[in-house]
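Here is a set of questions and answers for a reader who has not met this structure before. Each answer works towards the value or name asked for.

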Amino acid sequence: MKNALLIITAFSLCLGAVGAMAEGDPVNGEDLFRNCLACHELKSASGDRIRRGGRVGPNLFGVIGRPAGGLEGYRYSDGLNALNEMGLVWDEEQLTHFIANPNSYMEEALGAGHISKMPFAFPDGGADIAAYLAKIGKSGS
Ligand code: HEC
C-alpha cells in the first residue's frame, strides 16, 4: 500500500517536469538584442527611445504583429517589399527564422536570387530576441 502511493507520487512529479515547454526567454532576449543595436533602435509610437540604436535598419518597436516591410518611411529592399505584398506579418516564429539567415529566408520565400538588405545573420538565440520584441511591443505606446 505504501509502495503504491510512492509510485503515484513519483509519476505525478514526472508529469510536472514535462509541462516546461521550450519557448523564447525575453530576459535573455533583452541581453542578446545588443547584437542588433548597431542597426536597429526601439522607439515607441510616442517617441520614447527604449533602446538607442542605429537607423540603418527599421525601428523594431512593435515589429511582432507588424506586416513585413511595413514601417512607413523606411526604404526596404525589393525582397522585403515583396514579402509585404504577399501579406506576411511578423510573428515570433517567422522573425526567428528570418534573422537566423535573412538571405536564405528570402530565397525560401521568394525564390533564388532574392536577397535581403540585412547583412547580418543570427543563428542562435533568435527565439529569445523574438520573445523580447513581442513583450516590448505589447508593453506600451
Ligand atoms: C548590420 C546592420 C544590421 C544588424 C546588425 C541587424 N539588422 Fe535587422 N535589418 C537591417 C536592415 C538594413 C534591414 C532592412 C532589410 C531589407 O529591407 O531587406 C533589417 C530588417 C530587419 C527586420 C525586418 C523588419 C521589418 O520591418 O520588416 C527584422 C525583423 C530585423 N531586421 C531584425 C533584426 C534583429 C532581431 C537583429 C539582431 C539579432 C538585427 N536585425 C540585426 C540591418 C541590420
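Q: Which residues in H3 are buried?
A: This is a predicted model. A residue counts as buried if 20 or more other C-beta atoms lie within 10 Å of its own. In H3, the residues that are buried are Gly79, Leu80 and Leu83.

Q: Why are the buried residues of H3 on the same side of the helix?
A: An α-helix has 3.6 residues a turn, so residues three or four places apart point the same way. The buried residues of H3 are Gly79, Leu80 and Leu83. They lie on the same side of H3 because, around the axis, they cover an arc of only 95 degrees.

Q: Why is Leu80 buried?
A: Leu80 sits in helix H3. The cut-off for a buried residue is 20 or more other C-beta atoms within 10 Å. Leu80 is buried because the number of other C-beta atoms within 10 Å is 25.

Q: How many Å apart in space are Leu80 and Gly69, C-alpha to C-alpha?
A: Leu80 touches Ala68, Gly69 and Ser116, leaving aside residues up to four places away in sequence. Along the sequence, Leu80 and Gly69 are 11 residues apart. In space, C-alpha to C-alpha, the two are separated by 5.1 Å.

Q: What covers the buried residues of H5?
A: The buried residues of H5 are Pro102, Tyr105 and Met106. They cover an arc of only 100 degrees around the axis, which puts them on the same side of H5. What covers the buried residues of H3 includes H5. In turn, what covers the buried residues of H5 includes H3 and H4.

Q: Which residue follows H5 with a positive phi?
A: Just after H3, Gly87 has a positive phi of about 90 degrees. After H5 comes a residue with a positive phi near 105 degrees, and that residue is Gly111.

Q: Which helix gives the most to the largest nonpolar core?
A: The largest nonpolar core has 24 residues, and those touching the most other members are Val63, Ile64, Leu95, Ala130, Tyr132 and Leu133. At least two residues of this core come from each of helix H3 (78-86), helix H4 (92-100), helix H5 (102-110) and helix H6 (126-139). With eight residues, the helix that gives the most to this core is H6.

Q: Which residues does Ala130 touch, not counting residues up to four places away in sequence?
A: Ala130 is one of the residues that touch the most other members of the largest nonpolar core. Leaving out residues up to four places away in sequence, Ala130 touches Gly24, Ile64, Glu92, Leu95 and Thr96.

Q: Which element gives the most to the shell around the ligand?
A: The ligand is surrounded by 29 residues, the closest being Cys36, Cys39, Gly57, Ser77 and Lys117. Elements that give two or more residues to this shell are H3 and H4. The shell divides into 20 nonpolar, eight polar and one charged residue. With three residues, the element that gives the most is H4.

Q: What pattern does the protein chain follow, read along the sequence?
A: The secondary structure of the protein chain comes to six helices and two strands. Read along the sequence, these follow the pattern α-α-β-β-α-α-α-α.

Q: Over which residues is the pLDDT below 50?
A: The protein chain has an average pLDDT of 88, and 83% of the residues score at least 70. One stretch has a pLDDT below 50 and, beyond near neighbours in sequence, zero contacts in the model. Where pLDDT is low, the predicted coordinates should not be read in detail. The stretch is residues 12-21.

Note on methods:
Residues are numbered from 1 along each chain as its sequence is written. This is a predicted model: local features need pLDDT of at least 70, side-chain atom pairs count only at pLDDT 80 or more; totals for chains, interfaces and linings use all residues. A nonpolar core is a set of buried Ala, Val, Leu, Ile, Met, Phe, Trp, Tyr and Cys residues joined through C-beta atoms within 7 Å. A residue is buried if 20 or more other C-beta atoms lie within 10 Å of its own, exposed if 12 or fewer, and partly exposed in between; C-beta atoms are placed from the backbone. Helices (H or I, at least four residues) and strands (E, at least two) are DSSP runs, numbered from the N terminus. Two residues are in contact if their C-beta atoms, placed from the backbone, lie within 7 Å. A residue is near a molecule or strand if its C-beta atom, placed from the backbone, lies within 6 Å of it. Ala, Val, Leu, Ile, Met, Phe, Trp, Tyr, Cys and Pro count as nonpolar, Asp, Glu, Lys and Arg as charged, and the others, Gly among them, as polar. The arc is that of the directions from the helix axis to the C-beta atoms. pLDDT is the predictor's confidence in each residue, from 0 to 100.
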